[in-house]
Amino acid sequence: MESPLRIGVSACLLGHPVRYDGGHKHDRWITGELGRHVSFVPVCPEAEAGFGIPREAMRLVGDPDDPRLVTIQTGRDMTGAMKDWAAKRLDDLAGQDLCGFIFKSRSPSSGMERVKVYPEKGGAAANKGVGIFAAAFMKRFPMLPVEEDGRLNDARLRENFIERIFVLRRWRETVRAIREGAGVKSLIAFQASHKLLLMAHSPENARLMGKLVAAVTRENLANTLEEYEILLLKTTSILATVRKHVNVLQHMAGYFKKLTSPDERQELAEVIEEYRQGLTPLIVPLTLINHHVRKHCVAYLAEQAYLRPHPVELKLRNYY
Ligand code: SF4
């Protein structure tokens, strides 16, 4: 792949000293592990909007659905300044080919959910708000994968987010190739290579997408690409489950029926069952399947993104 996979990240998570107190919230996994495979576009709404470093701490106040950004000590309303800056910055980000965004949790500017919103006249805060910039970002790019640093500590959410950004990057490269003349066969190849990955999220949507691609013509190509992209982003945002992974693993095992010995088939069935029971992580049956794919040269499976949806060095399939 030629272009770097770019994602936006709250700048303080990258270790930039941009917080209200001049500190940061460096996340070592983001910079140390993920940073080897993607490039970052740092964004600090409060610093970039000109609020200064250090600056007075802020919080959300008022209606949780339309809160104001207010400084805690002096009560200055920064909402207008933040929204004006965000509108311009989002125009800039629209041209950056971002495949996703990692927000700093709980921030009144950057938090993507459950940010505290205080009542106008005092009292207990409700954890129902969204940071002003994060809300504007998600409104402008509603289908783009987004996550928060805290949620990324959950192995399933982490794998899902990383898978989505890599799928989106491959999809954009496919669309680029089609626009440069590669034709509908590139769309057909993308669907074929992502079929099992899609099945792990939603077998129903995977079928729908297969039908959409089967009906593609030169004339309806532009509409088909639009529809397919929406379905692709919706489908990959549905979390894969153990049950759906087991279905995909058993489907793959079916390809080896005539190629493997009874003993090898038994071993594969046992490993899949151990994964189903939560005794081994997904990487265990996948490693055995990869071994058979190579040994028996099963071309269809070798092309499946499901077997390598993201860089193996990230070790994202080692959880139970
Ligand atoms: S949470 Fe957002 S606004 Fe606050 S320091 Fe980090 S990037 Fe800047």
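**Close-up 1. The mixed sheet, β4-β3-β6-β7.** In this predicted model, four strands line up in the order β4-β3-β6-β7 to make an open sheet, and their pairing is mixed. The edge positions go to β4 (68-71) and β7 (126-129); each has a single partner strand, so one side of each has no neighbour in the sheet. From one strand to the next, the twist averages 60°.

**Close-up 2. Zooming in on β3 and β4.** Here we look at one pair from that mixed sheet. Strand β3 (residues 58-61) pairs with β4 in the antiparallel sense, and four bridges hold the pairing record. If you want a spot to start from, pick L60: its bridge partner in β4 is L69.

**Close-up 3. The parallel sheet, β2-β1-β5-β8.** A second view takes in another open sheet of four strands, this one in the order β2-β1-β5-β8 and with parallel pairing. At its edges stand β2 (39-43) and β8 (146-148), each with a single partner strand, so one side of each is left open within the sheet. On average, neighbouring strands of this sheet are turned by 25° against each other, direction ignored.

**Close-up 4. Strands β1 and β5, with a helix across them.** Strand β1 (residues 6-10) and strand β5 (residues 98-103) run parallel and are joined by three bridges. Look for G8, which stands opposite F101 in β5. Then add helix α5 (residues 155-182) to the view: α5 lies across β1, β5 and β8. Its direction makes an angle of about 155° with β5.

**Close-up 5. The largest nonpolar core.** Which members of this core touch the most other members? Out of 77 residues, the answer is M82, I102 and I165. Domain 1 (6-151) and domain 2 (154-320) both contribute residues, so the core lies between them. Centre the view on I165 and, setting aside neighbours within four places in sequence, you'll find I165 in contact with L5, I7, C99, G100 and P145.

**Close-up 6. Helices α3 and α4 packed together.** Helix α3 (residues 79-94) packs against helix α4 (residues 132-140) at an angle of about 35°. Their axes are 10 Å apart, and the crossing is right-handed. On the α3 side, the residues in the meeting are T79, M82, K83, A86 and L90. Facing them from α4 are I132, F133, A136, F137 and R140. M82 turns up here and also among the core residues that touch the most other members.

**Close-up 7. Where the two domains meet.** The chain splits into domain 1 (6-151) and domain 2 (154-320). Between the C-alpha centres of the two domains there are 33 Å. How many residues of each domain make contact with the other? Nine from domain 1 are in contact with eleven from domain 2.

**Overview inset. The whole chain, for orientation.** Zoomed back out, the chain has twelve helices and eight strands. The C-alpha trace spans about 75 × 50 × 30 Å along its principal axes. Of the 320 residues, 37% count as buried. Take the contacts between residues at least 6 apart in sequence, and 63% of them join residues at least 24 apart.

Notes: Residues are numbered from 1 along each chain as its sequence is written. This is a predicted model: local features need pLDDT of at least 70, side-chain atom pairs count only at pLDDT 80 or more; totals for chains, interfaces and linings use all residues. Two strands pair if DSSP finds at least two bridges between them. Helices (H or I, at least four residues) and strands (E, at least two) are DSSP runs, numbered from the N terminus. Axes are lines fitted to C-alpha atoms, for helices over the stretch in contact, and angles run from 0 to 180 degrees between N-to-C directions. Two residues are in contact if their C-beta atoms, placed from the backbone, lie within 7 Å. A nonpolar core is a set of buried Ala, Val, Leu, Ile, Met, Phe, Trp, Tyr and Cys residues joined through C-beta atoms within 7 Å. A residue is buried if 20 or more other C-beta atoms lie within 10 Å of its own, exposed if 12 or fewer, and partly exposed in between; C-beta atoms are placed from the backbone. Domain bounds come from an automatic or database domain assignment. A crossing is left-handed if the near helix is turned anticlockwise from the far one by less than a right angle, and right-handed if clockwise.
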